[in-house]
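Me: I am new to this model and would like a close look at one part, the sheet, and at what can be reached from there. Please take it strand by strand and then move outwards.

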Amino acid sequence: MPNTYSVLLSELVEEFNLELFHQSSDYEKIHVMVDDISRPGLHLAGFFEHFEPMRVYVCGTVESAYLQKLSSQERLIIFDHFLSYKIPALIFARGIPALPECLEMAKKHDVTVLSSKDTTSYIVSNLITYLKGALAPRVTRHGVLVEIYGEGVLIMGESGIGKSETAVELLKRGHRLIADDAVELKKISSHELVGSPPAVLKHYVELRGVGVINVARLFGMGAVKDNANVDLIVNMVPWRDGEEYDRLGLETHYTEILDVKIPSITVPITPGRNLAVILETAAMNNRQKYMGFNAAKEFTEQMSRFFASKDDYK
């Protein structure tokens, strides 16, 4: 199924410095809607089962060498069939010139033909990476995304609980802001979420009683970043007497966003708690867990050994 999102073909041409061999009449309106890029080897040989007409196709050295061995009439038949599917674009890599028969059929079927000076593998892999990011499923969440010691920490909680104030304190301690108030989350892979700010809110933080500040101008460009992976979610909640809170952290809890499970913790808020220090510690502890060390498990094992040794002396 095609993706909900799309990228204009003209944007890809500009992003990857592609040259136009032939521009279709609807060039400015062509949208690329799938993140797969294909090599047309089998299709040029006449095999069209499982053909995907919504993909961009890239011809490299192998395809060009095969086509050179055919007669002009054979090439006309091949390109007539291939381009009749009205693909978004056909790209010739390595600066390989488009064959006259290809351009003739491109004009007939009104298909854009492009050229890239990059190697075939380079242009294919980079197009896939770019399209996966641009077409990724996404959702917007209320919160603050900061990078702490390289860990992307998404701070969530009800309005007015102190998320932005905590972020500013973290900025003063040398960490970086990605987004305040609204965070756009993209599912890059089955286990990876990337967060970024909406363009209109980029670099801005709202502090109640102070107003809106521009973090890049106030703290410098080193205090901001365009995007970051979400490695940990911190839920800030008001302290409630009698509520059970995790004391040891033996069990890892997860929050699921776009079917991606992200480790999460709940931090109760009371006056006097240094939230910046708590979040720094949480980020480092999360990284330790990811690297295979769990302090809570080590502590419980140590306590078990201690009490076991006590029993031995009875």
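Reply: What follows starts at the sheet, goes on to the pocket and ends with a few single residues.

This is a predicted model, in which local features need pLDDT of at least 70 and side-chain atom pairs count only at pLDDT 80 or more, while totals for chains, interfaces and linings use all residues. Residues are numbered from 1 along each chain as its sequence is written, and side-chain values use heavy atoms, without hydrogens or water.

The sheet is open and has four strands, which follow one another in the order β8-β12-β13-β16 with antiparallel pairing. Helices (H or I, at least four residues) and strands (E, at least two) are DSSP runs numbered from the N terminus, and two strands pair if DSSP finds at least two bridges between them. The edges are taken by β8 (138-142) and β16 (228-229); each has a single partner strand, so one side of each has no neighbour in the sheet.

Begin at the β8 edge. This strand runs antiparallel to β12 (residues 182-189), and five bridges join the two. One position to look for is Val-139, whose bridge partner in β12 is Leu-185. Helix α6 (residues 120-134) packs on the sheet here and touches both β8 and β12; contact means heavy atoms within 4.5 Å. The direction of α6 makes about 135° with that of β12, where axes are lines fitted to C-alpha atoms, for helices over the stretch in contact, and angles between N-to-C directions run from 0 to 180 degrees.

From β12 the chain turns into β13 by way of a hairpin of two residues. The pairing of β12 with β13 is antiparallel and has five bridges. Within that pairing, Lys-187 stands opposite Leu-193 in β13. The last step across the sheet goes from β13 to β16, an antiparallel pair joined by two bridges. Here Gly-195 has Ala-228 in β16 as its bridge partner.

How much of β13 is covered? Four of its five residues are buried, that is, under 20% relative accessible area (exposed is over 50%, partly exposed in between; 1.4 Å probe, protein chains only).

The strand β13 (192-196) also leads to the largest pocket, where β13, β17 (232-238), β18 (253-257), β19 (260-269), α9 and α10 (295-312) each supply at least two lining residues. A pocket is an open set of points on a 1 Å grid over the protein atoms alone, where a 1.4 Å probe fits and protein lies on both sides within 12 Å along at least five of seven lines; lining residues have an atom within 4 Å of a point. The volume of the largest pocket is about 1,200 Å³, counted as the space filled by probe spheres set on the points, which are joined across faces, edges and corners.

Forty residues line the largest pocket, and those nearest its centre are Leu-232, Ser-264, Ile-265, Asn-286 and Lys-289. The biggest contribution comes from β19, with eight residues. By class the lining has 17 nonpolar, twelve polar and eleven charged residues; Ala, Val, Leu, Ile, Met, Phe, Trp, Tyr, Cys and Pro count as nonpolar, Asp, Glu, Lys and Arg as charged, and the others, Gly among them, as polar.

Two residues can be placed from these elements. Leu-258 sits in the loop between β18 and β19. It is not a glycine, yet its phi is positive, at about 55°. Most residues other than glycine have a negative phi. With a relative accessible area of 26%, Leu-258 is partly exposed.

The other is Glu-280, in helix α9 (residues 275-290). Is Glu-280 buried or exposed? Its relative accessible area is 5%, so Glu-280 is buried. Apart from neighbours within four places in sequence, Glu-280 is in contact with Ile-148, Tyr-149, Leu-170, Arg-173 and His-175.

One of these contacts, Leu-170, is also among the buried residues of helix α7, along with Lys-163, Ser-164, Thr-166, Ala-167, Val-168 and Leu-171. Seven of the ten residues of α7 (residues 163-172) are buried, so this helix is largely enclosed by the rest of the structure. Just after α7 comes Gly-174, with a positive phi of about 100°.
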